Amino acid sequence: HMGQLKLIGADAAAAFETLMPVDVIDLPVGKQRYGLLLNDEGGIIDDLMFFNQGGGTLFVIVNGACKVGDIAHIQARIGGRCQVVPMPDHGLLALQGPQAAAALARLVPGVEKLVFMSGGSFAWSGVELFITRSGYTGEDGFEISVPGAQAEALARALLAQPEVAPAGLGARDTLRLEAGLCLYGHDIDETTTPVEAGLLWSIQKRRREEGGFPGADIVRSQIAEGVARKRVGIKPDGRAPARDGTEIVDENGVAIGTVTSGGFGPTVGGPVAMGYVAAVHARPGTRVGCLRGH
């Protein structure tokens, strides 16, 4: 269900860079980077991954729920500078975990040589695959772009490996939450900026200084002056999870924010959550309370 597309043309990298606060032009061939599509107020339209395939081609993966709007936005903004080519006939499989490389290498020899956030073209049983060593679980692993007609066969071949088991979005959600990774539509959306969301690590120094992206004035002023609220990680006491929508209060019971993601973390053996609180309460170690949401 993920959205896949290619941006093609000599000006593709420069054009795509105008939509995001992230360096695109300097991304080496064969490498991948995390990016954020922003609106003119600095809000996050979507978070995505993009890869430099060389020859003036960028391979872009966007969230499934946002793909129609994302592609229309990209086409409207930079379609005159490069070709915007959606790939609705391709599926995306994610193979994640500490034994992912060993399992995948039996089917696709050579993938084990990839390093994190790199990738390339491979073949399996005559099927062309594009594989990156990446994922959204906080674990080692791979994302595999495959023609839709062969996606089920590849999935079944992977599941035939002794290390591999099927995992749904619920399982993936626990992993990304434990790793502190945002889920679009919950922890980030068009009402949150990269500064509020704690995603400044994804914005290179040059882009912070030069701007040149939607909402740049707002984002840069927030970097300089601070924000009223910040995304934080929350470790609930006891065993009961703090769910999405739960109100966060200070020690006096005054509302200071909202939980945006929460659940049970199987690796940590207890509940984990994240949400937004007033910036004055965002210091690590601050004790807060949670009220049951609706």
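Sheets, a crossing helix and pockets

Reader: What makes you say that helix α5 lies across strands?
Author: Helix α5 (residues 169-178) lies across β12 and β13 (270-278), running at about 125 degrees to β12. Contact means heavy atoms within 4.5 Å, and the angle is taken from 0 to 180 degrees between N-to-C directions of lines fitted to C-alpha atoms, for helices over the stretch in contact. The model is predicted: local features need pLDDT of at least 70, side-chain atom pairs pLDDT 80 or more, while totals for chains, interfaces and linings use all residues. Residues are numbered from 1 along each chain as its sequence is written, and side-chain values use heavy atoms, without hydrogens and water.

Reader: Why are β11 and β12 called paired strands?
Author: Pairing requires at least two DSSP bridges. β11 (residues 247-249) and β12 (residues 255-265) are joined by three, and run antiparallel, so they count as a pair. I248 stands opposite G257 in β12. Strands themselves are DSSP runs of E, at least two residues, and helices are runs of H or I, at least four, numbered from the N terminus.

Reader: What makes β10 and β14 edge strands?
Author: Their open sheet has five strands in the order β10-β13-β12-β11-β14, with antiparallel pairing. β10 (229-234) and β14 (289-291) each have a single partner strand, so one side of each lacks a neighbour in the sheet. From one strand to the next the twist averages 35 degrees.

Reader: Which strands stand at the edges of the sheet that holds β1?
Author: That open sheet runs β2-β3-β4-β1-β5, again five strands with antiparallel pairing. β2 (32-38) and β5 (83-86) pair on one side only. Within it, β1 (residues 3-8) and β4 (residues 57-62) share six bridges, and L7 has L58 in β4 as its bridge partner. Helix α2 (residues 67-78) lies across β1, β2, β3 (44-54), β4 and β5, at about 15 degrees to β1.

Reader: How do you know that a space is a pocket, and what lines the largest pocket?
Author: A pocket is an open set of points on a 1 Å grid over the protein atoms alone where a 1.4 Å probe fits, with protein on both sides within 12 Å along at least five of seven lines; lining residues have an atom within 4 Å of a point. The largest pocket is lined by 47 residues, with A94, Q96, A167, L169 and R172 nearest its centre. Elements supplying at least two lining residues each include α5 and β6 (90-96).
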